[in-house]
Amino acid sequence: MASNSENLKAVEMNTTALTNDYYHPLEYHWNLWVFTNDKEDWEENLVCAADFGTVEDFWSIIHHIKRPSEMKSGQDYLMFKKGIQPKWEHPANKNGGRWIINVEKKNLSRLDEVWLLLLLLMIGENLPHGDIICGAVVNIRSKCKIGLWLGDGANQKKVREIGRVLKDNIESHNIGRINFHLHMKNVNMITM
């Protein structure tokens, strides 16, 4: 007859096997941040709302948060690799830049669709050079922006390859041109 500790070990082993068999781990762990825009200090507005590392956890979060189109003007969602803060000054971001997709707020369904598509491309490793991708941001303003943040803005070959794949994937949403800006120089460096 098995002891209680042996039974507990058997249950733990079976639970681990179930977890490994039924969840689909992502290449990286991610954090979903929310910029609330209801406090004076910028840093106090930035809240890490969720952490996930599996496909199932991603969908659980996405299904339980507001769509970007439902957020108040001035608020943001920011999804970054775990350990990277969504700030230009963070060491992983300071030498980088971002691909910017402009979306008119009057076309809210397009905003939601392109944001979700970018997240799926990013967390699903469907963009080249995932090692330099830091995260994505959607800014809710009168003219909304969606940005894909890269950690290495100097490597023009990688930046262009990422931009090309991103542009090809959002083409059907009639977004128009996308632009790449370095974080420390808010100047358009590349247009596609």
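Student: Which strands each supply at least two residues of the lining of the largest pocket?

Tutor: In this predicted model, β3 (76-81), β5 (133-139) and β6 (143-150) each do so. The largest share comes from β6, with 3 residues.

Student: What makes a residue part of that lining?

Tutor: A lining residue has an atom within 4 Å of a point of the pocket. By that test the largest pocket is lined by 15 residues. Trp42, Asp76, Trp88, Asn139 and Trp149 lie nearest its centre. The volume of the largest pocket is about 310 Å³.

Student: How do the residues of this lining divide into nonpolar, polar and charged?

Tutor: There are 7 nonpolar, 1 polar and 7 charged residues in the lining of the largest pocket. Trp counts as nonpolar and Asp as charged, so Trp42 falls in the nonpolar class and Asp76 in the charged class.

Student: Which residues line the second largest pocket?

Tutor: The lining consists of Ile62, Ile65, Lys66, Arg67, Pro68, Tyr77, Asp112, Trp115, Leu116 and Leu119. Helix α4 (residues 108-123) gives the largest share, 4 residues. The space in the second largest pocket is about 210 Å³.

Student: How do you know how many charged residues its lining has?

Tutor: Asp, Glu, Lys and Arg count as charged, so Lys66, Arg67 and Asp112 belong to that class. This agrees with the class count for the second largest pocket, which has 3 charged residues, 7 nonpolar and no polar.

Student: What makes a space a cavity rather than a pocket?

Tutor: In a cavity a 1.4 Å probe fits but cannot get out, whereas a pocket is an open set. The count comes to 1 cavity of 30 Å³ or more. The largest cavity has a volume of about 40 Å³, and its lining is made up of Lys81, Leu121, Met122, Glu125, Asn126, Leu127, Gly130 and Ile133.

Student: How many residues of the lining of the largest cavity are polar?

Tutor: The lining has 2 polar residues, beside 4 nonpolar and 2 charged. Gly is counted as polar, so Gly130 is one of the polar residues here.

Student: Why do aspartate 38 and lysine 39 count as a salt bridge?

Tutor: The limit is 4 Å between a side-chain nitrogen of Lys or Arg and a carboxyl oxygen of Asp or Glu. Aspartate 38 and lysine 39 meet at 3.3 Å, N to O, so the pair qualifies. The model has 8 salt bridges by this rule.

Student: Is aspartate 38 buried or exposed?

Tutor: Exposed means over 50% relative accessible area. Aspartate 38 has 56%, so it counts as exposed. Lysine 39, at 40%, is therefore partly exposed.

Student: How far apart are the closest N and O atoms of lysine 82 and aspartate 51?

Tutor: They are 3.1 Å apart, and the two residues form a salt bridge. This pair links distant parts of the chain, 31 residues apart: lysine 82 is in the loop between β3 and β4 (97-104), and aspartate 51 is in strand β2 (residues 46-54). At 38% relative accessible area, aspartate 51 is partly exposed.

Student: What separates glutamate 161 and lysine 157 in helix α5?

Tutor: About one helical turn separates them, because they are 4 residues apart in helix α5 (residues 156-170). Their side chains meet in a salt bridge of 2.8 Å, N to O.

Student: Why is lysine 157 placed in its accessibility class?

Tutor: Lysine 157 has 57% relative accessibility, so it counts as exposed. Its partner glutamate 161, at 27%, is partly exposed.

Methods:
Residues are numbered from 1 along each chain as its sequence is written. This is a predicted model: local features need pLDDT of at least 70, side-chain atom pairs count only at pLDDT 80 or more; totals for chains, interfaces and linings use all residues. Side-chain values use heavy atoms; hydrogens and water are left out. On a 1 Å grid over the protein atoms alone, a cavity is a set of points where a 1.4 Å probe fits but cannot get out, and a pocket is an open set with protein on both sides within 12 Å along at least five of seven lines; lining residues have an atom within 4 Å of a point. Grid points are joined across faces, edges and corners, and a volume is the space filled by probe spheres set on the points. Buried means under 20% relative accessible area, exposed over 50%, partly exposed in between (1.4 Å probe, protein chains only).
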